[in-house]
Amino acid sequence: MAINTIFKSVSSDYERNLDGKQIVMQCNFDTTSKGGVSKVCALSSDAQITKVQALSKQIKVSGRVSIKLVYLDGEGKLNSFDYISDFSEDIVDDAVVADMPCLVNASIVDSVSGISGSEIKVQTVVELMPKVVEINTVDLLEESEGALSLKQEQYYQKYIGTVSEEFEVSDEYACGVRVDDVLYYDAKVLVCNVDNADCKLNLSGQIEVCIIYSSEGVHSTKNINMPFVQELATKGEDLQACIKAIVKDSRLILEGDENENVFKMVITVALQGFVMQGETMSAIIDLYSPANALTLTKEDVRFERQNGVMRFEERISGSVSVGDQEEGIRNVISCVVTQNNLSNLIAMNDGILAEGILNTSVIYVDDGGTVKCMQVELPYSLEFAKEGVREGDLLSGSAIATECAHKVKRDREVELTANIALSVCSKSAVCNTVIKGIEEGEEIEKNNCAMSVYLPSKGESIWQIAKTLGMSIESIMQQNADLGDTMKGDERIVIYREL
């Protein structure tokens, strides 16, 4: 009897990480016109991608590094410097096809400074991590006539589009004083959640702003949290997206009355990520014929399934003390977060482990009235419970510090606390078995015994037994109603046949 089959083509697209590269940016700041430099207090840097183009076997990348410096001039007064440097790079990879969906993430690996006369030299290491979407199609065996089949529910995903949207978030803060100078202004952004309610793709996140300003010779620091919600243009059901946010532009506008200024913060957030649409299909993964021997050609289809974005938060603390030869601390002007390096994300069963180092700079006034600064590293290793995460899942993410606070203890020690907020994207490995071809062989000799007794092995499935006996699962179960899907090893299967 010939076997008739029906195959159905489905999308099996997947995101693929390519090998990245590191570039080194050199920047020099001449401080002669600002009174020279005696010490660098805080160095903060960010990187963003402005343009990506996939060509044959290469990706052309354009980006920008922004650097913010707070330093002491030759007279020991606080000063600052902002600088932007553009770059262009080519990433070569044989897997790249022209015009394929492509994104590149840029992150700061390290940023160090040195002083040479009145010049500040800054070296920044930027890591470029490209990822592409492989467009793939798989033929699933959906129906078969003339053979008994085993079906399985299989998950596949289809590439819908690339998120490259921008939007503005604004807020105001009333200082209550006349602002003479803004020494430092920086903003960090984090994606908190991406959901697909009502066929819409909605994203929520938060922006953390730090402002150091002076009024009548007194320096003050304000940390402001700005939550936001944004509806994305992509619509549809069963959508998943691991989306990263960056601050593309940040403006600080001084408004209000002359003696009571208001900070207006206008921040442009840029999003990037791939949107996938999931689909669960019923596919035949095995079949046999009681009449003819069958030879099946099978193939494993492997890809990584996007599970979405998770947000975690935990408070960390640490302390730093001035040297015995130094004067005590009168007051702290600011604790500037210079870098939050998330070095490791590990998936565990129903949880994750996050490891990193929070780098801060404590700017303070000593008992003699001199402005000074010292660097502080706060390493962290945090465990978070999250149901559904499994060991072996692939994690990627970013971190920002929020609600940074300081407290002077015993006039010589500063205790620092901050919340580490994490945005983590999770992907799980998927392996689907598909049948590529069927070849019919010789006719199978019929079993003429009126009764057969079969003793299954432990762990043997009812499908394996049906293939061995050359019968349907339904026929076996009708005569052995107490059988389960998997054998315990102590069953006795009795089969009666009609001759």
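Two strands pair if DSSP finds at least two bridges between them. The exercises below apply this rule and others to a predicted model.

**Exercise 1. The open sheet**

Determine the order in which strands E18, E19 and E20 form their sheet, and which strands stand at the edges.

Solution. Begin with E18 and E19: 16 bridges connect them, in the antiparallel sense. One of these links is between Ile 346 and its bridge partner in E19, Leu 353. Next, take E19 (residues 351-366) and E20 (residues 371-385), which are antiparallel and joined by 15 bridges. Here Thr 360 has Val 376 of E20 as its bridge partner. Both counts satisfy the requirement of at least two bridges. The 3 strands therefore give an open sheet in the order E18-E19-E20, with antiparallel pairing. Strand E18 (329-348) and E20 each have a single partner strand and stand at the edges, so one side of each lacks a neighbour in the sheet. From one strand to the next, the twist averages 15 degrees.

**Exercise 2. The hairpin turn**

State how many residues lie between E19 and E20, and which residue in the turn has a positive phi.

Solution. The two strands form a hairpin, and 4 residues lie between them. Within the turn, Gly 369 has a positive phi of about 85 degrees.

**Exercise 3. An aromatic pair**

Classify the ring pair of Phe 167 and Phe 228 as stacked, tilted or edge-to-face.

Solution. Rings pair if their centres lie within 6.5 Å, and by this rule the model has 8 aromatic pairs. For Phe 167 and Phe 228, the centres are 5.4 Å apart and the planes stand at 55 degrees. Planes under 30 degrees apart count as stacked and those over 60 as edge-to-face, so this pair is tilted. As to location, Phe 167 belongs to strand E11 (residues 166-174) and Phe 228 to strand E14 (residues 218-235), so the pair ties together parts 61 residues apart in sequence. Buried means under 20% relative accessible area. Phe 167, at 9%, is therefore buried, and Phe 228, at 8%, is buried as well.

**Exercise 4. Rings and charges**

Identify the ring over which Lys 34 lies and the ring over which Arg 305 sits.

Solution. Lys 34 lies over the face of Phe 81, 4.9 Å from the ring centre. Phe 81 also belongs to a cluster, in which ring pairs link it with Phe 29 and Tyr 83. The charged end of Arg 305 sits over the ring of Tyr 155, at 3.7 Å from its centre.

**Exercise 5. Two residues and their surroundings**

Decide whether Asn 261 and Val 337 are buried, partly exposed or exposed, and describe what each touches.

Solution. Asn 261 lies in strand E16 (residues 261-288). Its relative accessible area is 8%, so Asn 261 is buried. A polar atom of the Asn 261 side chain lies 2.7 Å from the backbone nitrogen of Val 179. Beyond its neighbours within four places in sequence, Asn 261 has contacts that include Tyr 173, Cys 175, Arg 178, Val 179 and Leu 254.

Val 337 is located in strand E18. Its relative accessibility is 21%, so Val 337 counts as partly exposed. Not counting residues up to four places away in sequence, Val 337 touches several residues, among them Ser 44, Tyr 184, Leu 358, Thr 360 and Cys 404. Ser 44 is 293 residues from Val 337 in sequence, but the distance between them in space is 7.6 Å, C-alpha to C-alpha.

Conventions
Residues are numbered from 1 along each chain as its sequence is written. This is a predicted model: local features need pLDDT of at least 70, side-chain atom pairs count only at pLDDT 80 or more; totals for chains, interfaces and linings use all residues. Side-chain values use heavy atoms; hydrogens and water are left out. Axes are lines fitted to C-alpha atoms, for helices over the stretch in contact, and angles run from 0 to 180 degrees between N-to-C directions. Rings of Phe, Tyr and Trp (its six-membered ring) pair if their centres lie within 6.5 Å; planes under 30 degrees apart count as stacked, over 60 as edge-to-face and the rest as tilted. Buried means under 20% relative accessible area, exposed over 50%, partly exposed in between (1.4 Å probe, protein chains only). A charge sits over a ring if NZ of Lys or CZ of Arg is within 6 Å of the ring centre and within 35 degrees of the ring normal. A polar contact is a pair of N or O atoms within 3.5 Å; within protein, one must be able to donate a hydrogen and the other to accept it, and residues adjacent in sequence count only if both atoms are side-chain atoms. Contact means heavy atoms within 4.5 Å.
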